[in-house]
Amino acid sequence: MIIYEPQKIVKDDEVIIKAAFDSNNKRQELWFSFNKRYENYIITENADAFLVGLLLLAMKNGENIDVQAQVSAKLYYQLNHYLINALNLANNDWKKINIRVKSINDKDLCIKPSAGTGISCGVDSFATIYDHLNEVDNFRIKYFTFFNAGSHGNFGGDKARRVFKDRLKLVKSYADDINKQIIEIDTNLNEILMMNHQQTHTIRDVACVLNLQKLFRYYYYASAYRFNHFKLNKKAMADYDILSLSLLSTESTTFYSAVSQYTRVERTRNITEYPYTYKYLNVCTAASKTGRVENCSVCNKCLRTQITLDLLGKLDLYQDVFDLKKYSNKKEKYVGQILSQKNSDIFSKEIYSLIKNKNYHVPLISYFYCVLYTIKKLLKYLFNTFKEKRSK
């Protein structure tokens, strides 16, 4: 793979940073789009964003990378020595590759040292914001970011972009309420990678941020798990983002795996002390499939959040963002699901511990659902095992 020098195009109120690249004997172009007000903070000196954005594609294709541009010295060292090897251990479909660059840059490019974080209005996002409300000086969050980098649809396209715009309206309402700016970044990275978002999201989002190294001294990436949950896992990059984020930092921008000192239950408890969440909490994963933005109240993430709030005695505070009647109709069945996977799913394990600590009386029907979920899981395992043996 050859990555060429980034180019900047200013068009009306939009700034586009793009770079051509050659892969599998085909010329393509990766681009990132910003509002013109952030033009002075966008770097073209380094091709860091493009190297990181295309890294997994090159590893998937088994292509070494030749960057015909300047790259952060720290990033270049960390990718070649550590991160590529870690990614290969996490997923052996991603081959070990080598990176060559035209030149390296060990200068600090940050001219307006600020802190930022992504804003989704989910539990982890709000927990990160709440955890930094009283932070000092440059560590205090000054900017939010919002990316069209895969969370609105794995493979991009018009539908994902529509969901991105609709969700932006929700988070912008919250940002306006607290007088914070949202830096919106669109990109065609999704269409180029064509890879599963859960397996790649940390790399995708960091690529977006690396365009703004003149602005961000610190960037808080909301972690999914606590410190003690670490695994080089093929299915989910969130399992090891505490490692990958440190190895994606540069001389200018440091990435932190934010709120990784808390469990999901502790994060949920924390945000109940932040009244803005009563109006803006949005955890639903159904939007990328249905196109809706509001919480559906019945998907796994909606139910998981509601049962946690319920056990904490805080659910009524969130009657404006959840349909509590729908939750009530699903509650006993979902408790059965928690019981059935308390030893295999970290979030169910945390909620089960909360159930015991709160002396919650588990309804008899929930034990019945637990048995059904367990049988269903066993049958699925046996079917997959049989299928694998037949294929051999």
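Colleague: Is Tyr360 buried, exposed or partly exposed, and how do I read that?

Modeller: Read the relative accessibility against two cut-offs: under 20% is buried, over 50% is exposed, and partly exposed lies in between. This is a predicted model. Tyr360 has 23% relative accessibility, so it counts as partly exposed.

Colleague: Where does Tyr360 sit, and which residues does it contact?

Modeller: Start with the element, then list the partners. Tyr360 is in the loop between H13 and helix H14 (364-391). Its contacts, leaving aside neighbours within four places in sequence, are Leu311, Lys331, Val335 and Ile355.

Colleague: How far apart are the C-alpha atoms of Tyr360 and Lys36?

Modeller: Look at sequence and space together. The two residues are 324 residues apart along the chain. Their C-alpha atoms are separated by 53 Å.

Colleague: H13 came up. Which residues make the contact of H8 with H13, and at what angle do the axes cross?

Modeller: Take the axes, then the side of each helix that takes part. Helix H8 (residues 264-271) and helix H13 (residues 346-357) have axes that come within 9 Å. They cross at roughly 65°. H8 supplies Arg264, Val265 and Arg269. From H13 come Phe347, Glu350, Ile351 and Leu354. By class, that contact holds four nonpolar residues, three charged and no polar.

Colleague: Now the strands. Why is E3 largely enclosed by the rest of the structure?

Modeller: Count buried residues along the strand. Strand E3 covers residues 14-23, and eight of its ten residues are buried, so the rest of the structure largely encloses it.

Colleague: Which strands pair with E3, and in what sense?

Modeller: Go partner by partner, noting bridges and direction. Strand E1 (residues 2-3) is joined to E3 by two bridges, antiparallel. Strand E2 (residues 7-11) is joined to E3 by five bridges, also antiparallel. Strand E4 (residues 26-35) pairs with E3 over ten bridges, again antiparallel.

Colleague: Which residues fix the register?

Modeller: Pick one opposing pair per pairing. For E1 with E3, Ile3 stands opposite Phe21. For E2 with E3, Val10 has Val15 as its bridge partner. Val15 also stands opposite Phe34 in E4.

Colleague: What should I look for in the hairpins, and which residues take a positive phi?

Modeller: Check the number of residues between the strands, then the sign of phi. The hairpin of E2 and E3 has two residues between the strands, and Asp12 takes a positive phi near 55°. The hairpin of E3 and E4 also has two residues between its strands. There, Asn24 takes a positive phi near 50°.

Colleague: How does a parallel pair read? Which helix belongs to the unit with E10 and E11?

Modeller: Follow the chain from strand to helix to strand. Strand E10 (residues 216-222) and strand E11 (residues 254-258) are parallel, with five bridges. Ala222 has Ala258 in E11 as its bridge partner. Helix H7 (residues 241-247) completes a right-handed β-α-β unit with E10 and E11.

Colleague: One last residue. Is Thr187 buried or exposed? Which polar contacts does its side chain make?

Modeller: Accessibility comes before polar partners. Thr187 lies in strand E9 (residues 181-187). Its relative accessibility is 0%, so Thr187 counts as buried. A polar atom of its side chain lies 2.8 Å from the backbone oxygen of Trp31. The side chain of Thr187 also reaches the backbone nitrogen of Leu189, at 3.0 Å. Beyond four places in sequence, Thr187 touches Leu30, Trp31, Phe32, Asn148, Ala149, Arg161 and Cys208.

Methods
Residues numbered from 1 in each chain as written. Predicted model: local features only at pLDDT ≥ 70, side-chain atom pairs only at ≥ 80, totals over all residues. Heavy atoms only, no water. Buried < 20%, exposed > 50% of the residue type's maximum accessible area, 1.4 Å probe, protein only. Helix = DSSP H or I, 4+ residues; strand = E, 2+ residues; numbered from the N terminus. Pairing = 2+ DSSP bridges. Axes fitted to C-alpha atoms, helices over the stretch in contact; angles between N-to-C directions. Contact = heavy atoms within 4.5 Å. Nonpolar A, V, L, I, M, F, W, Y, C, P; charged D, E, K, R; others polar. Polar contact = N/O pair within 3.5 Å; in protein donor to acceptor, adjacent residues only side chain to side chain. Right-handed = clockwise from strand over helix to strand, strands pointing away.
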